[in-house]
Amino acid sequence: MERDTSHLQDPAIVWFRNDLRIHDNEALVAAAQHSSVIPVHIRQTGGAARPLGAAREWWLHHSLSSLGRSLDSLGTPLILLSGDPADLVPELAKATGATAVYWNRRYDPAFQTADSELKAELQAKNLVAESFAGQLLHEPTRLRTGSGTSYKVYSPFWRALEPDVENRPPLDAPVSLTPYGNISGLSTESLDSWNLLPTKPDWSGGLVDAWTPGETGAHERLSDFIEDRMQGYDDRRDIPGVDATSGLSPHLASGEITPAQIFEALKNTDNDAAPADRTKFRKEIGWREFAWHLLVNNPALVEKNHNTKFDSFPWLADSKTLNSWQKGLTGYPVVDAGMRQLWQTGWMHNRVRMIVASFLTKHLLIDWRKGEDWFWDTLVDADPASNAASWQWVAGSGADAAPYFRIFNPVLQGEKFDTNGDYVRSFVPELAQMPKKFIHKPWAAPQQVLDAAGVRLGDTYPHPIIDHQLARNRALAAYQQIKEAA
Ligand code: FAD
């Protein structure tokens, strides 16, 4: 039987969500088969979904602006609307005579019901409503262990997924798009009116210096990484003072680049980075897949302890120490450098994310959800799956979690991964003159060393807000409490 293609005579809507790109975009390719294309992005107001944090709003502004320029160059403008997509998409279809609506799947459980309901409603009206994959290398509900459950442990998950992922070549962007005939008759909101950029105060200077949001910026970063920086990734990715990781996470979070494109680029490069570097890099992308697998199969991951034993954990409600942690004023240099890198650039090195998360949940006994929330607001790569899964992993409450009793010593972590103190010096300038020996423990430095470095503890830089040994013992006692109660 031949496929009915009569709907291709009519306009199609392509609804951009977390896929702010024109390349490797199956929904856009499907829409491009139609007589004309109406690209739309909807700023959802209300509803169950968690609002974006401030750093991602900043990113969204620039990413939409970049997408708008790309679509203009293909021949049709991006329409911006705000409200409830459940109303706006059918209204737009009705107003334009579009008989098809295409989108790429987003896997956030908060959107799934609404997206399925909208699809069913459109189909009930005899419209074509189709969704596509692309944000991930796999459909998170597909992979199952031998006993039919979802995976809880990363290594077997990746062993099951990796052999599959070479197979999808990324799609080209459409060569051109025909705009809807009465495009000027469609109302669109202005990006500026969404007020996504901070004004009072404008804290975005460091983000502007660090990032180029948008698809072009994503591909520049990918080729810069693969061609010039990937060499040594396996060894150097844990060293926060060197620029050894890709920095692709915010581009992935907004769907400006797909993991399939990254894998394809890794296959095609003639960079002779050691196989170990490529393998490690692919495995890290695999962690992102795993986080989505965990979230989709455990939709409460953002709010609830995966390990329910932690429901009775005696977290402390201490806004003063939480505030010191957020501001990077804990008195532990590597923790403070991380928190200030986050504030300044909207990003933090993975090793340091683990250190600061451990410090919050174990040294300060503050609920991981407070940390997850702060990261959600301040990270340009804030992602519901990776953020929640990683916080739970560090806190000890997650699937495949680090055992609770593994408590990072922030001094030893600093000395091991930031041996010369370069990372601390760049984000904690008041310690810039401290010698290597004391950079991670300024309180242990003799007075004349502090004087020579211009450091006055308690004045230019804080004393540690808690003693490491005391914090460690307190955390272990708290853990013992829930272990005994279980
Ligand atoms: P690279 O080393 O270049 O890795 C390439 C890609 O692999 C990354 O862009 C990312 O997509 C993926 N990746 C790497 N490590 C991880 C990991 N441990 N978990 C999941 N994916 C990974 N990542 C986010 O994208 N969003 C978050 O909100 C987020 N929150 C985190 C919170 C905590 C407490 C911790 C410990 C980690 C968190 N991560 C998060 C994971 C990781 O820190 C970042 O993905 C990584 O630092 C991004 O830098 P990169 O792109 O240079 O990484």
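This is a walk through a predicted model, from its sheet to its salt bridges and then to some unusual backbone spots.

Start with the sheet. Five strands make up an open sheet, and their order is S3-S2-S1-S4-S5. The pairing is parallel. Strands of a sheet pair through backbone hydrogen bonds, in either the parallel or the antiparallel sense. The edges of this sheet are strand S3 (79–83) and S5, each of which pairs on one side only. Neighbouring strands are turned against each other by 25 degrees on average, direction ignored.

Look next at the pair S1 and S4. These strands pair in the parallel sense over three bridges. To find the register, go to Ala-12, which stands opposite Ala-100 in S4.

Now add helices. H2 lies across S1, S2 and S3. H2 runs at about 170 degrees to S2. Helix H3 (residues 85–96) also packs on the sheet. H3 touches S1, S2, S3 and S4. The direction of H3 makes about 155 degrees with that of S2.

From the sheet, move to the loops beside it. Arg-17 sits in the loop between strand S1 (11–16) and helix H1 (26–31). Is Arg-17 buried or exposed? Its relative accessible area is 5%, under the 20% cut-off, so Arg-17 counts as buried. What does Arg-17 contact, leaving aside its neighbours within four places in sequence? The partners are His-41, Trp-103, Asn-104, Arg-105, Arg-106 and Asp-115.

One of these partners deserves a closer look. The side chains of Arg-17 and Asp-115 are joined by a polar contact of 2.9 Å. Asp-115 also forms a salt bridge with Arg-106, with the closest N and O atoms 3.0 Å apart. Salt bridges with shared partners join Arg-17, Arg-106 and Asp-115 into one network. How accessible are the other two members? Asp-115 is buried, at 9% relative accessibility. Arg-106 is buried too, with a relative accessible area of 14%. Each of the three residues falls under the 20% cut-off, so this is a network of buried charged side chains.

Arg-105 is another contact of Arg-17. Arg-105 has a salt bridge of its own, to Glu-139, where the closest N and O atoms are 3.3 Å apart. This pair links distant parts of the chain, 34 residues apart. Glu-139 lies in the loop between strand S5 (128–132) and H5. Arg-105 lies in the loop between strand S4 (100–104) and helix H4 (109–124). Glu-139 is partly exposed, at 23% relative accessibility. Arg-105 is likewise partly exposed, with a relative accessible area of 25%.

How many salt bridges does a search of the whole structure find? The search finds 20. Among them is the one between the side chains of Asp-373 and Arg-50, at 2.9 Å from N to O. Asp-373 lies in helix H15, and Arg-50 lies in the loop between strand S2 (36–44) and helix H2 (54–74), so the pair ties together parts that are 323 residues apart in sequence. Asp-373 is partly exposed at 44% relative accessibility. Arg-50 is partly exposed at 29%.

Finish with the backbone. Most residues other than glycine have a negative phi, and most peptide bonds are trans. Three places in this model are worth checking against that background. The peptide bond that joins Lys-200 and Pro-201 is cis, with omega about 0 degrees. Pro-201 is in the loop between helix H5 (154–161) and helix H6 (205–210).

Asn-195 lies in that loop between H5 and H6 as well. Asn-195 is not a glycine, yet its phi is positive, at about 50 degrees. Asn-195 is exposed, with a relative accessible area of 59%.

Leu-365 also has a positive phi, of about 55 degrees, although it is not a glycine. Where is Leu-365 placed? Leu-365 is in the loop between helix H14 (350–363) and helix H15 (368–378). Leu-365 is buried, with a relative accessible area of 4%. The two positive-phi residues thus sit in opposite settings: Asn-195 is exposed, whereas Leu-365 is buried.

Technical notes
Residues numbered from 1 in each chain as written. Predicted model: local features only at pLDDT ≥ 70, side-chain atom pairs only at ≥ 80, totals over all residues. Heavy atoms only, no water. Helix = DSSP H or I, 4+ residues; strand = E, 2+ residues; numbered from the N terminus. Buried < 20%, exposed > 50% of the residue type's maximum accessible area, 1.4 Å probe, protein only. Polar contact = N/O pair within 3.5 Å; in protein donor to acceptor, adjacent residues only side chain to side chain. Contact = heavy atoms within 4.5 Å. Salt bridge = Lys/Arg side-chain N within 4 Å of Asp/Glu carboxyl O. Pairing = 2+ DSSP bridges. Axes fitted to C-alpha atoms, helices over the stretch in contact; angles between N-to-C directions.
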